[in-house]
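Me: I am new to this structure and would like a friendly tour. Could we look at it together, one question at a time?

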Amino acid sequence: MNPRSNPPRALAAIDMGSNSFRLEIGQVHQDRYRRVDYLKETVRLGAGLDANGMLTEEAAQRGLACLRQFSARLAGFEPGQVRAVATQTLREARNRNAFLLRAQEALGFPIEVISGREEARLIYAGVAHMQPGSEERLVVDIGGRSTELILGQGKLPRVAESFGVGCVSLSLRFFEGGAITEAGFRAAQVAAGAEFEEGLQSFGREHWRLALGSSGTAGAVSQLLQASGVSDGRITPQGLRWAMQRCLEAGQTERIALPGLKPERRAVLPGGLAILYTLAAHFDIAELWPAKGALRQGVIIDLHERRLALQHRRPGDMRDTSVAELQRRFAVDTAQAERVATVALALFDSALPDAEADNRRELAWACALHEIGQMVSHHDHHRHSAYLLTHVDAPGFSQSQQRRIGELVLGQRGGLRKIEPQLSSETFAWQVLCLRLAAIKCHARGEADAGAISLRCRGREAQLAWRPAWAERNPRTLYLLQEEAAAWLRSGPLRLLTAAAA
């Protein structure tokens, strides 16, 4: 397809799963979804983690080759139209950062590693949009190295969790070399059951009326059961036992020959069946229906919501909701957070008027949450704040974006050497500078008066000015600002100069 034939509002999602990489191009108009294009490649990235948790070069090359193909299809797309997310394998891989640098170069767009719960939220968003319904639902998504369970009603997910077991990891461990045995199925079910045991209460049968299976494993099993005349597409315990018996008769994964089963699914089918049967037994799932939506559609829906929020056509995206919830949970002084944000954003806008929208938003979120660590301890609260922001569950945020905001918050006070590697990014340096200046300006927790100080960018030179009348009334704050200028002159990447405004 010629890239120029894409509709003007087309959005693209790249799902870098543990078994397959997928590219979905879609369009959302008046809350209706239309697929424009879809590409899928079986990459088996999850099978490329060695015993030390390192992604092998062979697996990396498979992933990079696929991303280059996707990049060609995405020619003509702007960064705001594309979102790429990576899941469990890259959550686990110890060398993920090195791979991500190469992967982003191959794709031509940033790649976000998302948490398991964020993956679950996006899966539910895709299912809820593609298959609307008002009943209480359990959504199951079995991936290569993780399985997500989500309880929800309508478009609202109530409980979402990710469990560290998937069809690739289970198949590699209990069906080694492709050998299929009864002992392997029993051991695989015990291992899967141990993972799911923590969710027995949260996802129990009393909490839902309809069970839906999203994405590859559930879709593949549904198709083979229907093609074999075992069911109408519903996945039942009886159907799963039938499929497992056929696998045992085959003895080896490469000898599995079932109607409707694609060849690339053979190697991971035993692990997928073991997980499905365990879920059916543990959560009393008599019927699991194949779902229409999945992670990739959820990513596009979420991206669409973010774009509407930027255009002020909706109240905000999920990240704004998460920030407000974190402020509530950690009893943040929201008036002070607002004062710091008012000053910091005014400084940032005057210094970098052409900055990308997400850079400004990250600074705003850092201001909103820079004091959450005070719930732990007032002493060194910036370090507690940074730790919490890096590790807390925050729906809507990727792990990499949470880490960047945490690094901003870590830099709000004290020496600059602790964030020295991050300061090599000029934009990050300006964000930190604006946050530090705003925290100093508002340290007395009084009126913000954002116009009292101003900031101008002259290359690597930051020119800070203040109104003389304000400086005369606030000598202690002026002293702290001058001390800050000295700190940047000693070790900062920007040269901060101060002077009274003319």
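Reply: Happily; this is a predicted model, and the questions below go through its pockets, its cavities, one helix and some aromatic rings.

Me: Let's start with open space. Which helix gives the most to the lining of the largest pocket?

Reply: The largest pocket has a volume of about 1300 Å³, and Pro110, Glu112, Asp358, Glu362 and Arg404 are the closest to its centre among the 39 residues that line it. Several elements each supply at least two lining residues, including strand 4 (82-86), helix 3 (96-107), helix 13 and helix 16 (426-441). The top contributor, with six residues, is helix 15.

Me: How many charged residues are in the lining of the largest pocket?

Reply: The lining can be split by class into nonpolar, polar and charged residues. Nonpolar residues number 14 and polar residues 13. For the charged class, the count is 12.

Me: Now the second largest pocket. Which element provides the largest share of its lining?

Reply: This pocket holds about 890 Å³ of space. Of its 32 lining residues, Arg121, Leu156, Pro157, Met318 and Pro395 are the closest to the centre. Strand 8 (156-163), helix 10 and helix 11 (318-329) are among the elements that each supply at least two lining residues. The largest share, seven residues, comes from helix 4.

Me: And how many polar residues does the lining of the second largest pocket have?

Reply: Here the nonpolar residues come to 13, and the charged residues also come to 13. That leaves the polar class, with a count of six.

Me: What about closed spaces? Which helix gives the largest share of the lining of the largest cavity?

Reply: The structure holds four cavities of 30 Å³ or more, and about 200 Å³ of space lies in the largest. Of the 22 residues that line the largest cavity, Gly17, Arg22, Gly143, Gly144 and Ser215 are the closest to its centre. Strand 2 (20-29), helix 4, strand 6 (136-142) and helix 7 (215-227) each give two or more residues to this lining. The largest share, three residues, belongs to helix 7.

Me: How many charged residues line the second largest cavity?

Reply: About 70 Å³ of space lies in this cavity, and its lining includes Val323, Leu326, Leu369, Leu389 and Gln402. Helix 11 and helix 15 each give two or more residues to that lining. Eight of the lining residues are nonpolar and one is polar, while the number of charged residues is none.

Me: Let's turn to helix 14. Why do its buried residues line one face?

Reply: Helix 14 spans residues 381-391, and its buried residues are His381, His382, Ser385, Ala386, Leu388 and Leu389. Looking down the axis, these buried residues line one face of the helix because they fall within an arc of 165 degrees.

Me: Which exposed residues sit on the face of helix 14 turned away from its buried side?

Reply: The buried residues of helix 14 pack against helix 13 (357-369) and helix 15 (399-410). Turned away from that buried side is a face carrying two exposed residues, Tyr387 and His391.

Me: On to the aromatic rings. Is the pair of Phe163 and Phe196 stacked or edge-to-face?

Reply: The model has five aromatic pairs. For Phe163 and Phe196, the ring centres are 5.4 Å apart. Planes over 60 degrees apart count as edge-to-face. The planes here are at 70 degrees, so the pair is edge-to-face.

Me: How many residues apart in sequence are the parts tied together by the pair of Phe196 and Phe283?

Reply: The rings of Phe196 and Phe283 have centres 6.4 Å apart and planes at 75 degrees, so this pair is edge-to-face. Both residues are buried. Phe196 lies in helix 6 and Phe283 in helix 9 (residues 269-283), so the parts they tie together are separated in sequence by 87 residues.

Me: Which residues form one aromatic cluster with Phe196?

Reply: Phe196 is buried, with a relative accessible area of 0%, and Phe163 is buried at 6%. Phe163 lies in strand 8 and Phe196 in helix 6 (residues 182-196), so their pair ties together parts 33 residues apart in sequence. Joined with Phe196 in one aromatic cluster are Phe163, Phe203 and Phe283.

Note on methods:
Residues numbered from 1 in each chain as written. Predicted model: local features only at pLDDT ≥ 70, side-chain atom pairs only at ≥ 80, totals over all residues. Heavy atoms only, no water. Buried < 20%, exposed > 50% of the residue type's maximum accessible area, 1.4 Å probe, protein only. Helix = DSSP H or I, 4+ residues; strand = E, 2+ residues; numbered from the N terminus. Arc of directions from axis to C-beta. Contact = heavy atoms within 4.5 Å. 1 Å grid on protein atoms, 1.4 Å probe; cavity = no way out; pocket = protein on both sides within 12 Å on 5 of 7 lines; lining within 4 Å. Points joined across faces, edges and corners; volume = space filled by probe spheres on them. Nonpolar A, V, L, I, M, F, W, Y, C, P; charged D, E, K, R; others polar. Phe/Tyr/Trp six-rings, centres within 6.5 Å; stacked < 30°, edge-to-face > 60°.
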